[in-house]
Amino acid sequence: MAVSSSKTWMLLLSLSLLSACTPESKTLNATEVCDVSGDNFSIVGGKQLAPGNDLSSSTVLILDVNLSDETSICTGTLIADNIVLTAAHCKPSAFSTSVVVFSNSIPCATAQNVADVGRKVVAYTKHPSYRTRDNSSTYDLLLLKLEDKAPAGFYPRKLPQQDPQHLSTQNVVMAGYGITSEKSKDSGVLRYTTADATRLSRNSVTYTGYYGRKTESLSKTWALDQTQNNGVCSGDSGGPLYMKTPDGLVLIGVTSRGVDPNAADTDDQGRVCHGFTLFTDVFSHLGWIHEEMRNLQR
């Protein structure tokens, strides 16, 4: 496949320090990460994912480097051979280089052939109703088109065919490359966690954000209460929220952001990884997703 420059690729795939969407990452041993058993606890009270299983075959790492060499990290879900669904706030910055990495970790990716694990982003489309200033999770959706199909071993995840509220489930599953707590430095490794579905709600949530105290309607958003339990954190943005059903995993949400209902003021966002995580509802936007997928493939 065609790549940009070797300098850019080495920068993207050899990062030991990650900034912007996540704090800096600690260096990890590639052999240890690539051969994990899946028993190492991470994410926020979760486990590290080994390659080759159901979750890792559709969850991808999104790296974006701008002209100032500032790097951001997000998570995405493969929904077609060359299309990734993620969060709108993960949109590539102006004049930046964005790459989707098909690996369970950055250290593992650096130990492999670049062409085997990386695909450059050549086009994208953001939901037209999403506004960064509003900081809303209702329309926090982005589609990325890759320059080539996903490598062998990776498969598109099917989208929901019915309203998830009518699905029979007891658990939800989340996956992402983010950190394990607000102040940790361990991003860039794919992890997952599960939670009781009773912790999900679609009513409303009140929190203090950058623009003051706000009550957000959840008509097209899922909220997961992780105040006393596990969940997602920075860098998991754009990653999948699945319902675990008798027919398998159903993609119901895209990780948008964490909020802390107990944050005192706008200067202190609080424990966003131990408050409520908001997920954009996938089923509510199926029409837009399918239409834009067709447009990107033209």
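Reader: Over how many bridges do S3 and S4 pair?

Author: This is a predicted model. S3 and S4 run in the antiparallel sense. One facing couple is Leu-61 and Thr-75, with Thr-75 in S4. The bridges between S3 and S4 number seven.

Reader: Which residue in the hairpin of S3 and S4 takes a positive phi?

Author: The hairpin has five residues between its strands. Look there for a phi near 60°. The residue with that positive phi is Asp-69.

Reader: Which residue stands opposite Val-65 in S6?

Author: S3 also pairs with S6. Five bridges join S3 and S6, and the strands run antiparallel. Opposite Val-65, in S6, stands Thr-97.

Reader: Is strand S3 largely enclosed or exposed?

Author: Take the two ways its residues point. Thr-59, Leu-61, Leu-63 and Val-65 point one way, while Val-60, Ile-62 and Asp-64 point the other way, and all are buried. Buried means under 20% relative accessible area. Seven of the seven residues of S3 (residues 59-65) are buried, so the rest of the structure leaves this strand largely enclosed.

Reader: How many disulfides does a search of the whole structure find?

Author: A disulfide is a covalent bond between the sulfur atoms of two cysteines. One such pair is Cys-74 and Cys-90, with sulfur atoms 2.1 Å apart. Another is Cys-233 and Cys-273, at 1.8 Å. For the whole structure, the number of disulfides found is two.

Reader: How many residues apart in sequence are the parts that Cys-74 and Cys-90 tie together?

Author: The link of Cys-74 and Cys-90 is left-handed, with -85° about the S-S bond. Cys-74 sits in strand S4 (residues 71-80), and Cys-90 sits in the loop between strand S5 (83-86) and strand S6 (97-101). The pair therefore ties together parts whose separation in sequence is 16 residues.

Reader: Are Cys-74 and Cys-90 buried or exposed?

Author: The test is relative accessible area, and the cut-off is under 20% for a buried residue. Cys-74 meets this, and so does Cys-90. Both are buried.

Reader: What is the angle about the S-S bond of Cys-233 and Cys-273?

Author: Both of these cysteines are buried. Cys-233 is in the loop between strand S14 (221-225) and strand S15 (240-245), and Cys-273 is in the loop between strand S16 (248-259) and strand S17 (276-281), 40 residues apart. Their link is right-handed, with an angle of 70°.

Reader: What is the relative accessible area of Thr-255?

Author: Thr-255 lies in strand S16. Leaving out residues up to four places away in sequence, Thr-255 touches a list that includes Ala-87, His-89, Val-232 and Phe-279. A buried residue is one under 20%. Thr-255 is buried, with a value of 2%.

Reader: How many charged residues are in the lining of the second largest pocket?

Author: This pocket has a volume of about 270 Å³. Its lining has 17 residues, and Lys-158, Leu-159, Asp-247, Leu-249 and Val-250 lie nearest the centre. Eight lining residues are nonpolar and five are polar, while the charged ones number four.

Reader: What percentage of the residues in the protein chain are buried?

Author: The chain holds five helices and 17 strands. Among contacts with a separation of 6 or more, 71% are between residues 24 or more positions apart. Of the 298 residues in the chain, the buried share is 57%.

Methods:
Residues numbered from 1 in each chain as written. Predicted model: local features only at pLDDT ≥ 70, side-chain atom pairs only at ≥ 80, totals over all residues. Heavy atoms only, no water. Disulfide = S-S within 2.5 Å. Helix = DSSP H or I, 4+ residues; strand = E, 2+ residues; numbered from the N terminus. Buried < 20%, exposed > 50% of the residue type's maximum accessible area, 1.4 Å probe, protein only. Contact = heavy atoms within 4.5 Å. 1 Å grid on protein atoms, 1.4 Å probe; cavity = no way out; pocket = protein on both sides within 12 Å on 5 of 7 lines; lining within 4 Å. Points joined across faces, edges and corners; volume = space filled by probe spheres on them. Nonpolar A, V, L, I, M, F, W, Y, C, P; charged D, E, K, R; others polar. Pairing = 2+ DSSP bridges.
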